[in-house]
Amino acid sequence: KKNKGYRGEAQAAEYLLQQGYRILERNYRCALGEVDLIARDGETVVFVEVKFRTSDRFGPPQAAIGPSKQKRMTAIALHYLKGKGWLTAPARFDVAAVSLDGERETVTLYRNAFDATEI
């Protein structure tokens with residue numbers, strides 16, 4: 001499972017680079033939890049959750065970002081931005097859905113997938 005997750009994150013990071021993002025952090029961890037990728041899209045700091053699926057049996061990858069995950073990601077984002085002194089920087093949450101169809105992996109990016117949740 002961990003290998004699939006790493007593979008999905010690598011695919012998502014490569015896709016983001018192709019879209020002009022600059023990767024700042026991979027697997028950023030703090031006491032509040034973890035964010036898969038943190039990047040810059042122009043001046044915007046983007047917190048990216050990567051979801052990898054080999055089938056739709058459990059629904060599409062982006063559907064796995066429920067309210068509790070959104071709340072946790074908001075707290076982590078605030079912690080990160082505060083630590084960098086970037087609290088006034090524009091920020092958003094994206095979801096990179098990596099799907100496997102046979103041997104072909106497809107990345108679908110959902111920009112501004114959700115708003116910061118009250119913590």
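A nonpolar core, as the term is used on this tour, is a set of buried Ala, Val, Leu, Ile, Met, Phe, Trp, Tyr and Cys residues joined through side-chain atoms within 4.5 Å. The model in your viewer is a predicted one, and its largest nonpolar core has 16 residues, of which Ile38, Val45 and Phe47 have the most contacts inside it. Select those three residues to begin with, and then colour S1, S2, S3, H2 and S4, the elements that give two or more residues to this core; the largest share, five residues, comes from H2.

**The first hairpin**

Select residues 22-30, which are strand S1, together with residues 33-41, which are strand S2; the two run antiparallel and are joined by seven bridges. Two residues lie between these strands, and the pair forms a hairpin. To follow the pairing across the hairpin, start at isoleucine 23, whose bridge partner in S2 is alanine 39.

**The second hairpin**

Keep S2 displayed and add strand S3, residues 44-53, which pairs with S2 in the antiparallel sense over five bridges. Here too there is a hairpin with two residues between the strands, and glycine 42 in its turn has a positive phi of about 70 degrees. Moving along S2 to isoleucine 38, you will find phenylalanine 47 of S3 standing opposite.

Which residues are in contact with isoleucine 38, once its neighbours within four places in sequence are left aside? They are Arg22, Ile23, Leu24, Glu25, Tyr28, Val45, Val46, Phe47 and Tyr80. Apart from the core just visited lies another, of 14 residues, which can be located by selecting some of its members, among them Ala12, Val48, Phe52 and Val98.

**Helix H2**

Next select residues 67-84, helix H2, and place a distance between its end C-alpha atoms: they are 26 Å apart, which agrees with the 26 Å that 18 residues should span at 1.5 Å a residue. Within H2, the buried residues are Lys69, Gln70, Met73, Thr74, Ala75, Ile76, Ala77, Tyr80 and Leu81. What covers them includes S1, S2, S3, strand S4 (91-101) and strand S5 (104-114), so it is useful to show these strands while inspecting the helix. After H2 comes glycine 85, with a positive phi near 75 degrees.

**Two buried charged-type side chains**

Return to strand S3 and select glutamate 49. Is this residue buried or exposed? Glutamate 49 has a relative accessible area of 4%, and because buried means under 20%, it counts as buried. Its side chain makes a polar contact with the side chain of lysine 51, at 3.3 Å. Leaving aside neighbours within four places in sequence, glutamate 49 is in contact with Asp36, Ile65, Lys69, Met73, Asp94, Val95 and Ala96, and of these Lys69 and Met73 have already appeared among the buried residues of H2.

The last stop is arginine 92, in strand S4. Arginine 92 is also buried, with a relative accessible area of 14%. Show its side chain and look for two polar contacts with other side chains: one with tyrosine 21 at 2.7 Å, and one with aspartate 41 at 2.8 Å. With neighbours within four places in sequence again left aside, the residues in contact with arginine 92 are Tyr21, Asp41, Thr44, Val45, Val46, Phe47, Arg111 and Asn112. Val45 and Phe47 bring the tour back to its start, as they belong with Ile38 to the residues having the most contacts inside the largest nonpolar core.

Technical notes
Residues are numbered from 1 along each chain as its sequence is written. This is a predicted model: local features need pLDDT of at least 70, side-chain atom pairs count only at pLDDT 80 or more; totals for chains, interfaces and linings use all residues. Side-chain values use heavy atoms; hydrogens and water are left out. Two strands pair if DSSP finds at least two bridges between them. Helices (H or I, at least four residues) and strands (E, at least two) are DSSP runs, numbered from the N terminus. The expected span of a helix is 1.5 Å times one less than its number of residues. Buried means under 20% relative accessible area, exposed over 50%, partly exposed in between (1.4 Å probe, protein chains only). Contact means heavy atoms within 4.5 Å. A polar contact is a pair of N or O atoms within 3.5 Å; within protein, one must be able to donate a hydrogen and the other to accept it, and residues adjacent in sequence count only if both atoms are side-chain atoms.
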